[in-house]
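The following paragraphs lead the reader through one protein structure, from its general layout to selected elements and residues. Please keep the sequence and the model in view while reading.

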Amino acid sequence: MTSFQPDPATTPDIPVGTVTFLFTDVEGSTQLLARLRDRYTELLAEHHRLLREIFARWGGREIGTQGDSFFVAFPRAGDAICAVVEAQRGFADHQWPEDTEVRAAWVCTPASPGWWPRATSAWTSTAARIAHAGHGGQVALRDDPRWSPMTPAV
């Protein structure tokens, strides 16, 4: 997975202090691509549009994307959760190409002040592993802002 390494000097609108990271991953995207072929581009564009609108509504700041995955920072955990709930409802209600069902796995984790230097491939690859362990529609939550991918599980 590509490292998302934003520069806080050039992205002043990204929250500082303790934030909540949200990672998303579409379930079965490889199968969707194989089934929809050229229409997958349309699905992905609509997926991105919907999520960006919802993230903005809840104060989320996009740090990066890769394929169908997003990495977003929210100043408050409750806003991240509200964004996830709205996105899940939006996915369920949306008319996708060929009546496709689009579901995503979601990972929310707090990060303590000074998170910028640690927003690297270790964070994103750990979140991706957590998301891949889940299923579309599931939300994994982590409550310890001192956590980092290098911290042993307890």
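A residue is called buried when its relative accessible area is under 20%, exposed when that value is over 50%, and partly exposed in between. These terms recur throughout the account of this model, which is a predicted one.

The overall layout comes first. The protein contains four helices and five strands, and from the N terminus on these elements follow one another in the order β-α-α-β-β-α-β-α-β. Of its 154 residues, 43% count as buried. The accessible surface amounts to about 8100 Å², and carbon and sulfur atoms account for 54% of that area. Among contacts between residues at least 6 apart in sequence, 77% join residues at least 24 apart.

Helix α2 is a suitable place to begin a closer reading. It has 19 residues, which at 1.5 Å a residue should span 27 Å; the C-alpha atoms at its ends are 27 Å apart, so the two values agree. The buried residues of this helix are Y40, L43, H47, H48, L50, L51, I54 and F55. Their cover includes the helices α1 and α3 together with the strands β1, β2, β3 and β4. After α2 comes G59, which has a positive phi near 80°.

Within α2, which comprises residues 39-57, H47 deserves attention. Is this residue buried or exposed? Its relative accessible area is 1%; because the cut-off for burial is under 20%, H47 counts as buried. Leaving aside residues up to four places away in sequence, H47 touches V26, D68, F70, F91 and W96. In addition, the side chain of H47 makes a polar contact of 3.0 Å with the side chain of H48.

One of the residues touched by H47 is F70, and F70 leads to the pairing of β2 and β3. In that pairing, T65 stands opposite F70 in β3. Strand β2 (residues 61-66) and strand β3 (residues 69-74) run antiparallel and are joined by five bridges. Two residues lie between the strands of this hairpin, where G67 adopts a positive phi near 60°.

Strand β4 also belongs to the elements that cover the buried residues of α2. It consists of residues 104-111, and eight of its eight residues are buried. A104, W106, C108 and P110 point one way from the strand, whereas A105, V107, T109 and A111 point the other way; all of them are buried. The partner of β4 considered here is β1 (residues 19-26), which pairs with β4 in the antiparallel sense over eight bridges. Within this pairing, T20 has P110 as its bridge partner in β4.

The cysteines offer a contrast in exposure. C108 counts as buried at 3% relative accessibility, while C82 has a relative accessible area of 32% and is therefore partly exposed. How many disulfides does the protein have? The count is zero, by the rule that a disulfide is a pair of cysteine sulfur atoms within 2.5 Å.

The last stop is E98, in the loop between α3 and β4. With a relative accessible area of 45%, E98 is partly exposed. E98 and L36 are 62 residues apart in sequence, yet their C-alpha atoms are 7.9 Å apart in space. Residues up to four places away in sequence not being counted, E98 touches L36 as well as R35 and R39.

Terms used. Residues numbered from 1 in each chain as written. Predicted model: local features only at pLDDT ≥ 70, side-chain atom pairs only at ≥ 80, totals over all residues. Heavy atoms only, no water. Buried < 20%, exposed > 50% of the residue type's maximum accessible area, 1.4 Å probe, protein only. Pairing = 2+ DSSP bridges. Polar contact = N/O pair within 3.5 Å; in protein donor to acceptor, adjacent residues only side chain to side chain. Contact = heavy atoms within 4.5 Å. Areas by Shrake-Rupley, 256 points an atom, 1.4 Å probe, with all protein chains shown as cover. Expected span 1.5 Å × (residues − 1).
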